[in-house]
Amino acid sequence: MFSEIAAALWAELLKVRRSLVPWVTVAAFTVAGLVGGFFMFVLQDPARARSLGLLGAKAQFAGGTADWAGYFAFIAQIAAVGGLLVFGLVIIWLFGREFSDRTAKDLLALPTARSAVVAAKLIVAAGWCLLLTVQLIVLSLLLGAILGLPGWSADTALRGLGTVVATTLLTVALATTYGLAASIGRGYLAAVGAMFVSLFAAQVIAALGFGAWFPWSVPSLFSGVAGPDQSGPGPLSIAAVVVVGAAASAATVIWWEHADHDH
């Protein structure tokens, strides 16, 4: 089984290397990192930003502090909200392209086990998303150093980076549901629809105060998007995200193993 996963993994990496999609995701997270740096620059001195023409005269910023703790919180929020969109697109592309390119039947005809193919796609997706997070962190650390943000300490950095990484892992777990949707829907459309519905529902349910009970709201709450005065999701909420990710991965394997692929 290990050799089959390795072979499938090599094939998936070749597909990724020959595609422009990785560069699109890199560009998206680069823009997200630059936006985070811009917000910190504005929060440092809003009057300076207005004088430079970077901020409207009546624009107001609230809910953030121009220090390392606030910056790490903002990065975590990017990983939660923007990550669910970008990570979702990564997984949708990995699964949906087989149907849009009409290579699914050829893939299923190979002697490699279907479960190995699904496992390889999920491994590539997880590695891809983690690398994007590393890129975001490195860019943010560089921008924070250039801006000279106050409040740096080893404890602040460990807590902040730990929150970013944990938020990323929670988000990736939820994004596996879109791989299942792309498989069942045999393409991109159903999965993209499911992604936007879950994103919308996550924002609405969190705003109503029930986010801790809805897995897709949990990464944002964990990142601290509700503010420092609000408690984050509890262990049961985090466990629910893990269960959703595990169930979606298992269901994807089962679907590829048993579903009718003749049409």
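Colleague: What makes up the lining of the second largest pocket, and which residues lie nearest its centre?

Modeller: In this predicted model, the second largest pocket has 14 lining residues. Val16, Pro22, Val26, Trp128 and Leu131 are the ones nearest its centre. The space in this pocket is about 270 Å³.

Colleague: Which helices each supply at least two residues of that lining?

Modeller: They are α1 (2–17), α2 (21–44) and α6 (114–147). The largest share, six residues, comes from α6. By class, the lining holds nine nonpolar, four polar and one charged residues.

Colleague: Why is Glu12 said to form a salt bridge with Lys121?

Modeller: The rule asks for a side-chain nitrogen of Lys or Arg within 4 Å of a carboxyl oxygen of Asp or Glu. The closest N and O atoms of Glu12 and Lys121 are 3.1 Å apart, so the pair meets the rule. Glu12 belongs to helix α1 and Lys121 to helix α6, so this salt bridge ties together parts that are 109 residues apart in sequence. By this rule the count comes to six salt bridges.

Colleague: How do you know whether Glu12 and Lys121 are buried or exposed?

Modeller: A residue is called buried when its relative accessible area is under 20%. Glu12 has a value of 2%, so Glu12 is buried. Lys121 has a value of 0%, so Lys121 is buried as well.

Colleague: What makes Lys15 and Glu98 a salt bridge?

Modeller: The closest N and O atoms of Lys15 and Glu98 are 2.6 Å apart, and the cut-off is 4 Å, so the pair counts as a salt bridge. Lys15 lies in helix α1 and Glu98 in helix α4, so the two tie together parts that are 83 residues apart in sequence. Glu98 has a relative accessible area of 1%, so the term buried applies to Glu98.

Colleague: Which residue meets Glu98 in a salt bridge at 3.8 Å, N to O?

Modeller: That residue is Arg97. The distance of 3.8 Å is within 4 Å, so this pair also satisfies the rule. Both Arg97 and Glu98 are buried. Glu12, Lys15, Arg97, Glu98 and Lys121 are linked in a network of salt bridges.

Colleague: Why is Trp213 called exposed?

Modeller: The term requires a relative accessible area over 50%. Trp213 has a value of 73%, so Trp213 is exposed. Trp213 lies in the loop between α8 (189–207) and α9 (218–223). Together with Phe200, Val204, Leu208 and Phe210, Trp213 makes a nonpolar surface patch of about 650 Å².

Colleague: How many cavities of 30 Å³ or more are counted, and what makes the largest cavity pass that limit?

Modeller: The count comes to one cavity of 30 Å³ or more. The largest cavity holds about 60 Å³ of space, a value that meets the limit of 30 Å³ or more. A cavity is a space where a 1.4 Å probe fits but cannot get out, so the term describes an enclosed space.

Colleague: What lines the largest cavity?

Modeller: Its lining includes Ala80, Val81, Leu84, Thr171, Leu174 and Trp216. The helices α4 (68–100), α7 (154–184), α8 and α9 each supply at least two residues of this lining. By class, the lining of the largest cavity has eight nonpolar, three polar and no charged residues.

Note on methods:
Residues are numbered from 1 along each chain as its sequence is written. This is a predicted model: local features need pLDDT of at least 70, side-chain atom pairs count only at pLDDT 80 or more; totals for chains, interfaces and linings use all residues. Side-chain values use heavy atoms; hydrogens and water are left out. On a 1 Å grid over the protein atoms alone, a cavity is a set of points where a 1.4 Å probe fits but cannot get out, and a pocket is an open set with protein on both sides within 12 Å along at least five of seven lines; lining residues have an atom within 4 Å of a point. Grid points are joined across faces, edges and corners, and a volume is the space filled by probe spheres set on the points. Helices (H or I, at least four residues) and strands (E, at least two) are DSSP runs, numbered from the N terminus. Ala, Val, Leu, Ile, Met, Phe, Trp, Tyr, Cys and Pro count as nonpolar, Asp, Glu, Lys and Arg as charged, and the others, Gly among them, as polar. Patches are made of residues with over 30% relative accessible area and no salt bridge: like charges are joined within 9 Å, nonpolar side chains (Val, Leu, Ile, Met, Phe, Trp, Tyr) within 5 Å. Accessible areas come from the Shrake-Rupley method with a 1.4 Å probe; for residues, only the protein chains shown count as cover. Buried means under 20% relative accessible area, exposed over 50%, partly exposed in between (1.4 Å probe, protein chains only).
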